[in-house]
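Q: Please pick a single strand of this protein and take me through it slowly. I'd like to hear how it is paired and where its side chains point.

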Amino acid sequence: MAKPSSRVPLPVGQVLILVAICSSTASGSALERYRSLIRNQSVPINLEAFPGELCMRSCEDTLPRVCYFNWVLEHYHAMGPACKACADGNHRDCYHHACLTADGVERGVMSINRQIPGPPIQVCKDDLVVIDMMNAMGGTATAMHWHGLHQRDTPYMDGVPFVTQCPIEFMSTFRYSFWATEPGTQFYHSHAGHHKVNGHYGAMIIRQPEANDPNAHLYDFDLPDHTILGSDWMHVDGEMFMPGLPSSGGILPKNLLINGKGTYTYENGTTTNAPRDVFRVRKGGRYRFRFINAASHVCPLELQIENHPLQIIASDSFNLQPVTVNTLVTTSGERYDFVVNADQPSANYWIRLRAIGPCDYLNIDQTAVLSYLPFSVPEEELAFTDRELPAFSESLFEDTISANHPNTTCGISKPDVCITDFEAHSRDDSIVNGVPDHKFILGFENYRMTFDKTFGENSHEHFMNIHDDVVLQGAINNLSFTYPPFSMLTQPELLREDMFCDEHTRPAHCDQSDSHCTCIHRLKIELHSLVELYILDLSPDVNPLNHPFHLHGYQMHVMEMGQNLAEPITIARAQTIARAQSLRRTTVTNFPPSKDTVSIPSKGYTRLRFRADNPGFWLMHCHFEWHTAVGMALVVQVGEPTDFVRAPANFPTCNKYQPDVDEAMFR
């Protein structure tokens with residue numbers, strides 16, 4: 001079938017935008033890109049005259065553009081007065097532009113421009129994205145991470161407080177400016193506190209010409225409306241569980257949302273009056289869908305589309321050789337692209353998310369609608385369908401074929417597959433078959449803290465209370481990560497070697513008799529070296545979890561993964577599992593897939609490789625929000641400060657204020 005010329009609709013009135021963005025410290029390649037973009041423009045342009053929404057366009061034969069967004073971050077509410085009579089069944093009120101419905105339950109939220117998810121970013125590769133972010137949230141500081149972008153030219157825009165920037169204070173505006181360099185399905189989310197679970201996340205899709213997509217022949221349409229953001233949802237602020245409540249029964253979600261929408265059923269059987277999301281297709285078309293797991297809790301999300309198999313073609317924005325399944329399982333931070341063939345009878349079909357794994361017993365799921373019906377049928381009619389919902393325990397397929405199910409044994413559990421059963425379209429042989437310059441074994445866990453260490457005199461260590469008297473702290477190699485009072489990347493003059501720790505070096509403040517230590521955990525890596533990581537799940541007694549680990553600034557080749565639930569994992573057992581799997585595999589992956597967020601099998605391991613060619617400080621952490629908060633993280637320092645891209649002049653700084661108490665304080 002010939003592809004239509006309007007795969008991505010071009011907005012009316014599209015114009016080429018030229019603008020000067022000041023940065024006297026851009027690297028050579030970034031400076032060349034900047035000069036090419038602005039060409040002969042010499043006077044400042046009013047950015048507000050060129051909204052970034054107009055950058056949503058076909059990326060065939062297009063020049064780079066500047067895409068400007070103006071965001072206000074504020075405390076807001078779901079089902080507030082802007083929703084008028086929505087809760088009472090007036091469907092029209094649910095679509096008021098300021099009405100944020102979520103799942104129809106009233107609660108306070110954190111919103112971006114009074115939206116959850118936040119405004120979508122839809123741009124082309126090499127566009128310059130500029131976002132003025134105003135923090136109107138009283139009593140809190142924030143920052144935004146652009147998950148999936150490597151920020152080679154602008155590492156100070158990675159959005160991690162006290163690693164790449166100072167947090168944005170209340171009533172301050174921070175301008176994020178970066179190049180859309182990594183094409184594919186990305187997203188953004190807050191990297192401060194529990195702002196993400198409260199609503200600070202959104203889609204960021206970076207398109208490229210079809211000639212650069214080896215799977216372009218598999219689909220006819222790649223539409224902005226076919227992005228699915230799956231997220232978990234609470235009916236209280238996430239901060240309620242930091243550090244936690246003894247009677248809570250665990251830190252778990254109450255519901256799921258699909259693109260910020262859905263319904264909730266109370267214990268008495270009544271269901272909220274709130275719209276589901278609707279995805280429209282025309283019969284006979286092949287559609288590229290983009291799924292983003294924006295969850296914060298520990299539960300994997302399982303996606304099914306009734307009667308429609310999913311042909312998976314990309315993960316974390318990296319192209320894959322296609323594999324067809326009917327059930328997709330992901331963990332927080334992962335993205336998967338798949339093709340849906342609209343070859344069924346013209347009707348409405350369920351899109352369903354289920355929270356599985358540790359959440360199985362909670363029976364939490366959410367639905368949206370895939371509709372073949374004519375566009376003359378109002379969305380409101382489809383979103384409030386009274387069609388009977390499938391039971392939580394009921395699969396939408398008679399024979400379930402899963403990708404990444406927690407019980408899948410990689411390479412063996414056919415027809416089920418996991419990420420190491422996929423193959424990329426190409427590879428860097430120097431990475432896949434090279435001899436590593438650095439080998440690191442990273443064992444992570446949530447370990448149980450003693451009463452005295454948690455509540456002793458002058459003890460202020462971070463922890464989470466998951467239930468009763470169970471108090472946990474996250475750690476990698478027995479080190480629980482904490483932050484300095486300044487931005488490591490942009491204030492290198494404040495760095496001292498004795499600030500950092502690793503498994504061989506501990507700071508003086510650590511109790512040498514305790515196996516665990518809270519400190520600034522760092523892996524120091526030589527620039528351009530080949531790095532191999534073994535990540536091992538050493539968790540002892542917590543429910544079986546597949547922890548997703550995200551490395552900022554990089555893609556990682558997923559070489560192998562495995563598990564043996566019968567005994568604790570060690571590096572020796574990991575290598576034994578690898579040898580056994582290599583003998584039992586039905587296929588051999590010669591082109592290992594690349595990802596930036598990798599789900600580590602419960603009580604298992606994953607082996608990863610990457611080339612350390614992006615200098616700076618890059619956070620690596622478990623993408624479960626509470627696990628990062630209690631220290632399951634570290635920073636990867638690639639190169640020396642002299643190798644880093646310098647931040648622009650007058651970049652915000654921060655540090656503790658503890659002057660000597662003398663007469664200078666009173667002048």
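A: Two strands count as paired here if DSSP finds at least two bridges between them. With that in hand, let's look at strand E23, residues 470–476, in what is a predicted model.

Start with its partners. Strand E21, which covers residues 438–448, is joined to E23 by 5 bridges, and the two run antiparallel. To find this pairing on your screen, look for Tyr-447, which stands opposite Gln-473 of E23. Strand E22, residues 464–467, is also antiparallel to E23, with 3 bridges joining them. A handy landmark for this pair is Met-464, which has Leu-472 of E23 opposite. In general, such pairing within a sheet is made through backbone hydrogen bonds.

The link from E22 into E23 is worth a pause. These strands form a hairpin with 2 residues between them. One residue in the turn, Asp-468, has a positive phi of about 50°.

Now for the side chains. In a regular strand they alternate between the two faces of the sheet. In E23, Val-470, Leu-472, Gly-474 and Ile-476 point one way, while Val-471, Gln-473 and Ala-475 point the other way. So Leu-472, opposite Met-464, and Gln-473, opposite Tyr-447, belong to opposite-pointing sets, in keeping with that alternation.

Is E23 buried or exposed, then? The strand is mostly covered, with 7 of its 7 residues buried, and buried means under 20% relative accessible area. That holds for the residues pointing either way, Gln-473 included.

Definitions and conventions
Residues are numbered from 1 along each chain as its sequence is written. This is a predicted model: local features need pLDDT of at least 70, side-chain atom pairs count only at pLDDT 80 or more; totals for chains, interfaces and linings use all residues. Side-chain values use heavy atoms; hydrogens and water are left out. Buried means under 20% relative accessible area, exposed over 50%, partly exposed in between (1.4 Å probe, protein chains only). Helices (H or I, at least four residues) and strands (E, at least two) are DSSP runs, numbered from the N terminus.
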